[in-house]
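The following paragraphs lead the reader through one protein structure, moving from strand pairing to domain organisation and then to charged side-chain pairs. Please keep the sequence and the coordinates in view while reading.

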Amino acid sequence: MSTAGNIHVTLPDGKVLDLKNGVTGAEIAASIGPGLAKAALILEVDGKQWDLFRPIEHDAKIRIITKKDPEALELIRHDAAHVLAMAVQELYPGTQVTIGPAIDDGFYYDFARDTPFTPDDLPKIEDKMREIIKRDLPTRREVWQRDKAIAHFKGMGETYKAELIESIPAGEDVSIYWHGDWHDLCRGPHFETTGKIGDAFKLTKIAGAYWRGDAKNAQLQRIYGTAWRDKKELDAHLERLAEQEKRDHRRIGRDLQLFTFTPEVGAGLPLWMPNGMVIRQELEFLATQEERRDGYQRVATPEITKENLYIRSKHLEYYKEDMYSAIDIEGENYYLKPMNCPHHHMIYLATRHSYRELPVRLAEYGHCYRYEASGGLSGLMRVRGFVQNDAHIYCREDQAKDEFLKVMRLHARYYDLMGIKDYYMRFSLPDLTKQHNFVNEPEKWKKAGEIIRTAMQESGYPYVEAEGEAAFYGPKVDFMIKSVIGTEYAISTNQLDFVATNTFGLTYIGEDGQEHPVYVIHRAPLGSHERFTAFLIEHYAGNFPTWLAPVQARVIPISEKAFDYAHKVKDQIFQEPVVNGTTGLRVDIDLSNERMQKKIRDAQLEKIPYMLVVGEREAAEGKVAVRLRSGKDLGAMPLENVIARIKKEAESRVDVAE
């Protein structure tokens, strides 16, 4: 039993300490042992992170967090962001600070400054950060009244920071963190001193960013950095960054002439070039084949639709902020299609369906448009116009689990084909305390969740659960996949919809002759052309397997004397039919005046799988000298053998092993 003026502090091992009211985490760590006192970063009090220097004035369960704990990285990065802001303001007086969070793999801070930062500034800022860290400045926390904080930051000329505080509800206090004499609005927590950050960090790049992510607001300058526990982790991450740079789909897409963006068309609206269109066509053809095997029927729907359909589907109620503005046509509002589901429902409703017909599976590569803030656009990964590998399955309740399971297995077939080994599912359920985001049908949510959970358990694929991320009309499963360098993407989704049944009157005639509601499964295993192609570009580093490569073979004549034979080789390859593909074999010819080695190097840079070198001797023998983009020389081979090899790879969608 605690004594007067004391509190109970319960440690993770269950031990209860009777301590003085107002004891700090640092004091608790010191009382347990000097080693822990040195290693402690922050405290966890009743599940909430807590500064070591902040007093505890109530009975609590605590945990001392050290560098070994998962939370350590976020803490290091959060403090590093503050030190970045400190360094910038010391070096460049008059610069305003705005927002600076910890993010995956690092941190950033956005600054308002008339003079642009340059890459040459980063080493100077980094040196200043190291100097500040070595000062080992003490940290303290103060709680101010909101109005005092607004007046204070306005008086300092920090107008962005004052605007942030003004967005906090009136009457709420705000916390201010000081590192020495520098201070910032922050929820915390932070280390006791700047010295705890260590030196395993690096500034990585400068980018533009709009204030609060809105293109209508002022443009700021963002400095990114990365921070880790030690130099070994930092070096490993920098190696990953270098590899990511090599694989960046925006750079490779430009180099291989796959897609482009132009201000004249609009931000987030990609233009597919001929090489990129090949990839789109081949992916769609793959989906068409696999969906036909699983019993899907293809449909097509318009890209613009009357307002009433989206009122009926509840998209205007729950999804309007992600839709483009209405278009007035002859006094009626029309919207660009944000998704295909309401249109597929109308196709289902066009005829009556018996229980014997179900499930009905309707598939479409449908064009959709969603408004994304300019600051969130990123190459093909996040766009405003896209084409989605969409389908909707209308089934009985007793079929829903098996249909959901079949969809998950379709995902796995695609991933196995493309060599994607590292993936898992994220099962998203609603947070029903936030009723404005989700339909208020608790029992239906529970039943739908049980159906999906059972299917996932039977699938054997790994999954995690997440609350609050469901679609407004039902729980969903996102497939999370990792590239060969560990970059994680949410690439596709499955959703179980119980709302559309009521809003659209989606029913079937049962054995009893009565109408019964259907379950609707929304699924898009290949996501959108845009996002999935971006992933594949980075996954393969542009070295697409032969079946996906925009150009599968290039004929390279040694001299003009071999031009006629080169054309014959090209024509013979071009005319070869291919079963699994939208076209025959894809081949071109290099008739430039460059030397042969330069032509081969150009083909390698364009990542063409096969280079077929021909000269007078090859013409006389009916052969081609084969080189692979890897640099391997296969020597002279009969043309029919080479065609058979390329065709085999195109039709099997598996490259021949060397």
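In this predicted model, a convenient starting point is the pairing of strand β24 (residues 423-429) with strand β26 (residues 476-482), which runs in the antiparallel sense over 6 bridges. Within this pairing, serine 428 is placed opposite lysine 476 of β26. Strand β24 is mostly covered, since 5 of its 7 residues count as buried.

A further set of antiparallel pairings lies later in the chain. Strand β33 (residues 610-614) pairs with strand β34 (residues 623-628) over 4 bridges, in the antiparallel sense. Methionine 611 faces arginine 627 of β34 in this arrangement. Strand β34 also pairs in the antiparallel sense with strand β35 (residues 633-638), here over 5 bridges. In that second pairing, alanine 625 has alanine 636 in β35 as its bridge partner. The hairpin formed by β34 and β35 has 4 residues between the strands, and glycine 631 in this hairpin adopts a positive phi near 105°.

These strands can be placed within the domain organisation. The domain assignment of the protein gives domain 1 (6-66), domain 2 (72-246), domain 3 (271-540) and domain 4 (553-652). Between domain 1 and domain 2, the contact draws on 14 residues from domain 1 and 11 residues from domain 2. The centres of these two domains, taken over C-alpha atoms, are separated by 28 Å.

How much area do domain 1 and domain 2 bury between them? The size of an interface is often expressed as the accessible area lost when the parts come together. For domain 1 and domain 2 this amounts to about 1000 Å², with 61% of it on carbon and sulfur atoms. On the side of domain 1, the residues that lose the most area to domain 2 are Leu41, Asp51 and Phe53, which together account for 51% of what that side buries. The elements of domain 1 that give two or more residues to the side touching domain 2 are α2 (34-39) and β5 (48-50). As for polar interactions, the count of salt bridges between domain 1 and domain 2 is 0, whereas 4 residue pairs are in polar contact across the interface.

Another site to consider is threonine 260, which is found in strand β16 (residues 259-260). With a relative accessible area of 33%, threonine 260 is partly exposed. Leaving aside residues up to four places away in sequence, threonine 260 touches Pro270, Leu271 and Met273. Glycine 276 lies 16 residues from threonine 260 along the chain, and their C-alpha atoms are separated by 9.7 Å.

The discussion now turns to salt bridges, of which the count comes to 45. One of them joins the side chains of lysine 124 and aspartate 121, at 4.0 Å from N to O. These two residues are 3 residues apart in helix α4 (residues 121-135), so they are separated by about one helical turn. Is each partner buried or partly exposed? Lysine 124 is partly exposed, with a relative accessible area of 47%, whereas aspartate 121 is buried, with a value of 9%.

A second salt bridge connects glutamate 166 and lysine 154, whose closest N and O atoms are 3.0 Å apart. Because glutamate 166 lies in helix α6 (residues 159-166) and lysine 154 in helix α5 (residues 146-155), the pair ties together parts that are 12 residues apart in sequence. Glutamate 166 is partly exposed at 35% relative accessibility, and lysine 154 is partly exposed with a relative accessible area of 48%.

A third example is the salt bridge between the side chains of arginine 554 and aspartate 588, at 2.9 Å from N to O. Arginine 554 belongs to strand β31 (residues 553-557) and aspartate 588 to strand β32 (residues 587-589), so this pair ties together parts that are 34 residues apart in sequence. Arginine 554 counts as buried because its relative accessibility is 8%, under the 20% limit. Aspartate 588, at 19% relative accessibility, also counts as buried. Finally, Glu44, Arg63, Asp69 and Glu71 are joined into one network by salt bridges that share partners.

Note on methods
Residues are numbered from 1 along each chain as its sequence is written. This is a predicted model: local features need pLDDT of at least 70, side-chain atom pairs count only at pLDDT 80 or more; totals for chains, interfaces and linings use all residues. Side-chain values use heavy atoms; hydrogens and water are left out. Two strands pair if DSSP finds at least two bridges between them. Buried means under 20% relative accessible area, exposed over 50%, partly exposed in between (1.4 Å probe, protein chains only). Domain bounds come from an automatic or database domain assignment. Contact means heavy atoms within 4.5 Å. Buried area is the accessible area (1.4 Å probe) that two parts lose on being put together, summed over both. A polar contact is a pair of N or O atoms within 3.5 Å; within protein, one must be able to donate a hydrogen and the other to accept it, and residues adjacent in sequence count only if both atoms are side-chain atoms.
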